[in-house]
Amino acid sequence: MKQYPLKFINDHLFIVLEGKYWLLDTGGPTSFGDTQQITLDGRMFEIAPDYMGTKASVIAQATGVPCQGLIGEDIMVQFDLVFDLKKDEISISSEELPVEGTKIPLIGFMGIPLLNAEIAGKQFQMVFDTGAQISYLQDDITSTFPSRGVVEDFHPVFRDFTSESYDVVGQIENLTFTFRCGILPELLGLSVKMANAQGVLGNSIMRGRILGYFPRRNLLSIV
């Protein structure tokens, strides 16, 4: 196991490797960046130069952070990870780490982590996406909650987009969250539906918490 600095900057989550910032994105299937290789917990990984034409410079411009690239699910799925937003560090281990706090089952679908959330008495399957600065729900129920105004967001493939947003209250297992939630544009919403999901759960639920991500065991934990 090894610890690395973890930073929330401009509503995005970054790991710091050898002084370089990398966006952490469980919703991203493929890692890419300006460096050909990275090492995590003593293991070396080859890094693609881009993802479907998107390079690190595009991510840097969209997030406002001069990052080196994006670390996606292809790499994270090989580890146990504990995101400690109380200490601003992340633990990454090839070995199994202890599970603490509330346990949340994950559903793997084509390499994408999904979880179940209850909103206004309805059940929704959502993508767990640390790369998303807010959450999204493709259901009319979203607009019944208090408005938070227009949000500007970015997707590595679909690029810039805007959405009305709302303060949505939901439950995951026995935990209650209020999170800013928008509605994805049609093409992005379709990609979520193709993942057998009705929405995206963004990284805001991680603030001030300790979250364990154990993809090899299809498990999430929140303290």
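Contact here means heavy atoms within 4.5 Å. The model analysed is predicted. By that criterion, and leaving aside residues up to four places away in sequence, I71 touches I15, L17, W22, L23, L24, D25, S31, I38 and M76. Three of these names, I71, I15 and I38, recur among the residues with the most contacts inside the largest nonpolar core. L40, F83, I90 and Y213 complete that group. The core holds 45 residues. Strand β17, residues 175-182, supplies its largest share, 4 residues. Another core lies apart from it. This other core has 12 residues, among them I134, V151, L184 and V200.

The strand arrangement was examined next. Ten strands make up an open sheet with mixed pairing. Their order is β4-β7-β3-β2-β1-β9-β8-β19-β20-β10. Strands β4 (32-33) and β10 (102-105) form the edges, and each pairs on one side only. Within the sheet, β8 (residues 80-84) and β9 (residues 89-93) run antiparallel, paired over 5 bridges. D84 has its bridge partner in β9, namely E89. Strands of a sheet pair through backbone hydrogen bonds, in either the parallel or the antiparallel sense.

A further antiparallel pair joins β15 to β16, residues 159-172. The two strands share 8 bridges. They form a hairpin, with 3 residues between them. S147 is bridged to Y166 of β16.

Strand β15 also contributes to the largest pocket, where it gives two or more residues to the lining. The pocket encloses about 830 Å³ of space. Its lining comprises 36 residues, and those closest to the centre are G27, P29, H155, L188 and S191. Besides β15 (147-155), the elements that give two or more residues are α1 (56-63) and α3 (186-194). Helix α3 provides the largest share, 4 residues. By residue class, the lining divides into 24 nonpolar, 9 polar and 3 charged residues.

Several loop positions deserve separate description. A120 sits in the loop between β12 (112-119) and β13 (122-128). Beyond residues up to four places away in sequence, A120 touches I141, F145 and V169. The C-alpha atoms of A120 and T144 are separated by 9.7 Å, while the two residues lie 24 residues apart along the chain.

Backbone geometry draws attention to two other loops. Most residues other than glycine have a negative phi. E173 has a positive value, near 55 degrees. E173 is placed in the loop between β16 and β17. N218 likewise has a positive phi, near 50 degrees. The loop that holds N218 connects β19 (210-214) to β20 (219-222), two strands that stand side by side in the order of the open sheet. The relative accessibility of N218 is 38%. Buried residues fall under 20% and exposed residues over 50%, so N218 counts as partly exposed.

Technical notes
Residues are numbered from 1 along each chain as its sequence is written. This is a predicted model: local features need pLDDT of at least 70, side-chain atom pairs count only at pLDDT 80 or more; totals for chains, interfaces and linings use all residues. Side-chain values use heavy atoms; hydrogens and water are left out. On a 1 Å grid over the protein atoms alone, a cavity is a set of points where a 1.4 Å probe fits but cannot get out, and a pocket is an open set with protein on both sides within 12 Å along at least five of seven lines; lining residues have an atom within 4 Å of a point. Grid points are joined across faces, edges and corners, and a volume is the space filled by probe spheres set on the points. Ala, Val, Leu, Ile, Met, Phe, Trp, Tyr, Cys and Pro count as nonpolar, Asp, Glu, Lys and Arg as charged, and the others, Gly among them, as polar. A nonpolar core is a set of buried Ala, Val, Leu, Ile, Met, Phe, Trp, Tyr and Cys residues joined through side-chain atoms within 4.5 Å. Buried means under 20% relative accessible area, exposed over 50%, partly exposed in between (1.4 Å probe, protein chains only). Two strands pair if DSSP finds at least two bridges between them.
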